[in-house]
Amino acid sequence: MFKKIILSAISASVALTPIVAASAEAQTRTVTTVKERRNGTVVQRTVTRQNNARAWRAGQRFDRRYAPNYRVIDYRQYRGRGLYAPPRGYRWVRSGRDAVLVANRGGTVRTVVTRIYR
């Protein structure tokens, strides 16, 4: 019985290893910048960045460490894109390309409006 459990755990880990590696690669982003200077030299710079953007869902606890481009936003500027006046005790914040309605106390996510930023 115990051998079956161990063998099934090993086979599951072998099967899931490529999936985990692919998701880790999806979280990194490589950007190459090429600039030509006035004197004719070309400078190439490659930067690899971690993408820490999180897909927020209602009920989760919001943590600004996982929110790239975090800032409190004014809903009036984005009314046509799905934002509305926040209820008492809530505020709209930016997390990457999304707007998240977060409770002032406790930081619970109430609503997420996806991809309102370019």
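These are my notebook entries on what I looked up in this predicted model.

**Entry 1: confidence**

I began with the confidence values, and I found that the protein chain averages a pLDDT of 80, with 75% of the residues scoring at least 70. Confidence is highest in strand β4, at a mean of 95, and lowest in helix α1 (residues 2-26), where the mean is 60. Within residues 20-25 the pLDDT falls below 50, and I noted that this stretch has zero contacts in the model beyond near neighbours in sequence. I keep a general caution beside this entry: where pLDDT is low, the predicted coordinates should not be read in detail.

**Entry 2: the sheet**

Next I traced the strands and found an open sheet of four, in the order β3-β4-β5-β6, with antiparallel pairing. Which strands stand at the edges? They are β3 (71-72) and β6 (109-113), each of which pairs on one side only. As a reminder to myself, strands of a sheet pair through backbone hydrogen bonds, either parallel or antiparallel.

I then followed single pairings: β3 and β4 are joined in the antiparallel sense over two bridges, while β4 (residues 90-95) and β5 (residues 98-103) are joined in the antiparallel sense over six bridges. Arginine 94 caught my eye, since I met it in both pairings: it is the bridge partner in β4 of arginine 71, and its own bridge partner in β5 is alanine 99. The hairpin of β4 and β5 has two residues between the strands, and there I noted that glycine 96 takes a positive phi near 70°.

**Entry 3: nonpolar cores**

I looked up the largest nonpolar core and listed ten residues, namely Ile73, Tyr75, Tyr78, Leu83, Trp92, Ala99, Leu101, Val113, Ile116 and Tyr117. Taking leucine 83 as an example, and leaving aside its neighbours within four places in sequence, I found it in contact with Ile73, Tyr75, Tyr78, Trp92, Ala99, Val113 and Ile116. Apart from the largest core lies another, of seven residues, including Phe62, Val93, Val100 and Val102.

**Entry 4: aromatic rings**

How many aromatic pairs are there? With ring centres required to lie within 6.5 Å, I counted four aromatic pairs. In one of them, phenylalanine 62 and tyrosine 70 have ring centres 6.0 Å apart and planes at 35°, so I wrote this pair down as tilted. Phenylalanine 62 is buried, with a relative accessible area of 10%, and together with Trp56 and Tyr70 it forms one aromatic cluster.

For tyrosine 84 and tryptophan 92, the ring centres are 5.4 Å apart and the planes stand at 85°, so this pair is edge-to-face. Are the two partners buried or partly exposed? Tyrosine 84 counts as partly exposed, at 36% relative accessibility, whereas tryptophan 92 counts as buried, at 1%.

**Entry 5: arginines over rings**

Last, I checked for charges placed over rings. Arginine 94 lies over the face of tyrosine 117, at 3.8 Å from the ring centre, and arginine 110 lies over the face of tyrosine 90, at 5.1 Å from the ring centre.

Definitions and conventions
Residues are numbered from 1 along each chain as its sequence is written. This is a predicted model: local features need pLDDT of at least 70, side-chain atom pairs count only at pLDDT 80 or more; totals for chains, interfaces and linings use all residues. Side-chain values use heavy atoms; hydrogens and water are left out. Rings of Phe, Tyr and Trp (its six-membered ring) pair if their centres lie within 6.5 Å; planes under 30 degrees apart count as stacked, over 60 as edge-to-face and the rest as tilted. Buried means under 20% relative accessible area, exposed over 50%, partly exposed in between (1.4 Å probe, protein chains only). A charge sits over a ring if NZ of Lys or CZ of Arg is within 6 Å of the ring centre and within 35 degrees of the ring normal. Two strands pair if DSSP finds at least two bridges between them. pLDDT is the predictor's confidence in each residue, from 0 to 100. Contact means heavy atoms within 4.5 Å. A nonpolar core is a set of buried Ala, Val, Leu, Ile, Met, Phe, Trp, Tyr and Cys residues joined through side-chain atoms within 4.5 Å.
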